[in-house]
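Colleague: Before we discuss this model, I would like to know how each label in your description is earned. Could you set the values against the definitions as we go?

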Amino acid sequence: MNAAKEKSTDIKSAIKVLQVLDVLLRNFAHGFSPKELIEATGFSGTDITRYVNTLEQAGFAERIQETGRIRPSHNHARFAVQIMNSLNEANSRTQESLNRITRI
């Protein structure tokens with residue numbers, strides 16, 4: 001396989017892994033069974049197993065011990081909090097600038 005074709009295959013695989021993650025993010029609390037992921041993505045069971053393993057190894061997905069279902073890892077909640085904090089900080093700076101500009 002030449003380098004360009006290999007790179008194209010890698011990109012396609014990465015996109016599919018992200019599609020699985022996108023589905024997982026829709027139900028953090030209860031997660032999804034492999035069958036539900038197959039139905040939601042249209043990927044084969046073998047592909048779902050491979051993509052979920054990739055997400056688990058990278059720390060982006062985890063199994064719910066009690067049910068065996070798959071969900072996004074708690075890292076995503078931390079990311080969401082970081083984004084929210086960043087937006088709140090930006091909003092505070094913007095408000096401070098507006099207050100300075102409109103002070104009479």
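Modeller: Let me begin with burial: a residue is buried under 20% relative accessible area, exposed over 50%, and partly exposed in between, with a 1.4 Å probe and protein chains only. This is a predicted model, in which local features need pLDDT of at least 70 and side-chain atom pairs count only at pLDDT 80 or more, while totals for chains, interfaces and linings use all residues. Residues are numbered from 1 along each chain as its sequence is written, and side-chain values use heavy atoms, with hydrogens and water left out.

Colleague: Why, then, is R63 called partly exposed?

Modeller: The relative accessible area of R63 is 39%, and because this value falls between the two limits, the residue belongs to the middle class. E56 joins it there, as its relative accessibility is 24%.

Colleague: What makes the pair E56 and R63 a salt bridge?

Modeller: The term requires a side-chain nitrogen of Lys or Arg within 4 Å of a carboxyl oxygen of Asp or Glu. The side chains of E56 and R63 meet with N to O at 3.1 Å, so the pair satisfies the definition. Over the whole structure, the search finds seven salt bridges.

Colleague: How do you know that E62 and R71 form another, and which of the two is buried?

Modeller: The closest N and O atoms of E62 and R71 are 2.9 Å apart, so this pair also meets the distance criterion. R71 counts as buried because its relative accessibility is 16%, whereas E62, at 22%, is partly exposed.

Colleague: Where in the fold do R93 and E89 lie, and what makes them a salt bridge?

Modeller: Both lie in helix α4 (residues 75–102), four residues apart, about one turn of the helix; helices here are DSSP runs of H or I with at least four residues and strands are runs of E with at least two, numbered from the N terminus. An α-helix has 3.6 residues a turn, so residues three or four places apart point the same way. The side chains of R93 and E89 meet at 2.2 Å, N to O. R93 counts as exposed at 54%, while E89 is partly exposed at 43%.

Colleague: Why do you speak of a nonpolar core, and which elements supply it?

Modeller: Such a core is a set of buried Ala, Val, Leu, Ile, Met, Phe, Trp, Tyr and Cys residues joined through side-chain atoms within 4.5 Å. The largest set that qualifies has 14 residues, and those with the most contacts inside it are V20, L24, L37, I48, V52, L55 and I70. Both α1 (3–24) and α3 (45–57) supply at least two residues each, and α1 gives the most, with five.

Colleague: What does I48 touch?

Modeller: With contact taken as heavy atoms within 4.5 Å, and leaving aside neighbours within four places in sequence, I48 is in contact with V20, P34, L37, I38, T41 and F43. Under the same exclusion, P34 touches I48, R63 and I70; P34 lies in helix α2 and is partly exposed, at 36%.

Colleague: Why is F43 called buried?

Modeller: F43 lies in the loop between α2 (34–41) and α3, and because its relative accessibility is 13%, it counts as buried. Beyond its neighbours within four places in sequence, F43 is in contact with K16, Q19, V20, I38, I48 and Y51.

Colleague: How do you know that the buried residues of α3 line one face?

Modeller: The buried residues of α3 are D47, I48, Y51, V52 and L55. Seen down the helix axis, they fall within an arc of 125°, taken from the directions from the axis to the C-beta atoms, so they line one face. The face turned away from that buried side carries the exposed residues T46 and Q57.

Colleague: Finally, where is S73, and what makes it buried?

Modeller: S73 sits in the loop between β2 (70–72) and α4, and its relative accessible area is 5%, so the buried label follows. A polar atom of the S73 side chain lies 2.7 Å from the backbone oxygen of G59. G59 follows α3 and has a positive phi, near 85°. Leaving aside neighbours within four places in sequence, S73 is in contact with F28, G59, F60, A61 and E62.

Definitions and conventions:
Polar contact = N/O pair within 3.5 Å; in protein donor to acceptor, adjacent residues only side chain to side chain.
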